[in-house]
Each structure stands twice: as C-alpha cells, then as structure tokens.
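Q: Please take a close look at one part of this structure. Describe where it sits, what it meets, and how that fits into the whole.

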Amino acid sequence: MKLSPVKRWSVSIQAEGDRPVELDEVVALADAVAPLDGIASGVGATAYGAQIVIEADTADSAVEAAMEAFAAAAQTANLPAWPVTRAEVIGEDEFEVGEVGIDD
C-alpha cells in the first residue's frame, strides 16, 4: 500500500452571524491565525473568516484540522462562536480544489 505524502493545503473558512464585525476583532483574529500563515477578513461584515495553511494527507483531513484551528483562533480573538457557513480547500499543486458544504 502506497502512503500519501503530506501536502500543504490552503483552507478558507467563513462564519456568519448577526452583527457587523469590528476592526479590532479582525485584527485579533489575524494575530491568532498568523502562526498558520493565515490572514483574516470580515471588517464591517456580518461574518468573519480566515485563510490558513494546513499540512495533511487529504483535503478532507485538511478541512477537519482547519475547522479546529479556526474555532480555536476565533475563541482566542474573543469572537462569537457563529456557525461556519463556508469552507474551501486548495491543494499545493493548485489542481486539487474542493468546496465543503456546510449543513444549516
């Protein structure tokens, strides 16, 4: 059996809520995802998000790890625990793109 090599995946995640996100909240989220080569977004929107880099064997395992890291970063940034409404993953070879549907 051939083992899959670990790849780097870029995972974008967004959580939506009921109020606009403030600049200081997005800055705190950016600080929390920085160790994951991450960036944050959401100023003035009723959603916040991040794009982070995860090392994993598969796209599914990358998304799973990213969801945990995103939740931890949001908690560190004192953001509300809003539901995740979108998650996208792109493999380092740029040919493996996938979107994960989030059930309401």
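A: **Strand S1 and its partners**

Arg 8 counts as partly exposed, at 38% relative accessibility (under 20% relative accessible area is buried, over 50% exposed, and partly exposed lies in between, with a 1.4 Å probe and protein chains only). The model is predicted, so local features need pLDDT of at least 70 and side-chain atom pairs pLDDT 80 or more, while totals for chains, interfaces and linings use all residues. Residues are numbered from 1 along each chain as its sequence is written, and side-chain values use heavy atoms, with hydrogens and water left out.

Start with the setting. The chain has 2 helices and 5 strands (DSSP runs numbered from the N terminus: helices are H or I with at least four residues, strands E with at least two). Along the sequence their order is β-α-β-β-α-β-β. Strand S1 covers residues 7-16, and Arg 8 belongs to strand S1.

Now take the partners of Arg 8. One of them is Asp 37: the two residues form a salt bridge, with the closest N and O atoms 3.5 Å apart (a side-chain nitrogen of Lys or Arg within 4 Å of a carboxyl oxygen of Asp or Glu). Asp 37 lies in the loop between helix H1 (23-33) and strand S2 (39-41), so this pair ties together parts that are 29 residues apart in sequence. Asp 37 is exposed, as its relative accessible area is 52%.

Arg 8 also forms a salt bridge with Glu 55, and here the closest N and O atoms are 3.9 Å apart. Glu 55 is in strand S3 (residues 47-56), 47 residues from Arg 8, and the pair links distant parts of the chain. With a relative accessible area of 56%, Glu 55 is exposed. Because these salt bridges share partners, Arg 8, Asp 37 and Glu 55 are joined into one network.

The neighbouring position in the strand has a salt bridge too: the side chains of Lys 7 and Asp 93 meet at 4.0 Å, N to O. Lys 7 is in strand S1 and Asp 93 in the loop between strand S4 (84-91) and strand S5 (97-100), so parts that are 86 residues apart in sequence are tied together. Asp 93 is partly exposed, with a relative accessible area of 32%. Over the whole structure, a search finds 5 salt bridges.

Further along is Ser 10, which also has its place in strand S1. Is Ser 10 buried or exposed? Ser 10 counts as buried, at 18% relative accessibility. The side chain of Ser 10 makes a polar contact with the side chain of Gln 51, at 2.7 Å (N or O atoms within 3.5 Å; within protein, one must be able to donate a hydrogen and the other to accept it, and residues adjacent in sequence count only if both atoms are side-chain atoms). Leaving aside neighbours within four places in sequence, Ser 10 is in contact with Gln 51, Ile 52, Glu 88, Val 89 and Ile 90 (heavy atoms within 4.5 Å).

Finally, step back to the chain as a whole. The chain has 104 residues, and buried residues make up 33% of them. Among contacts between residues at least 6 apart in sequence, 68% join residues at least 24 apart.
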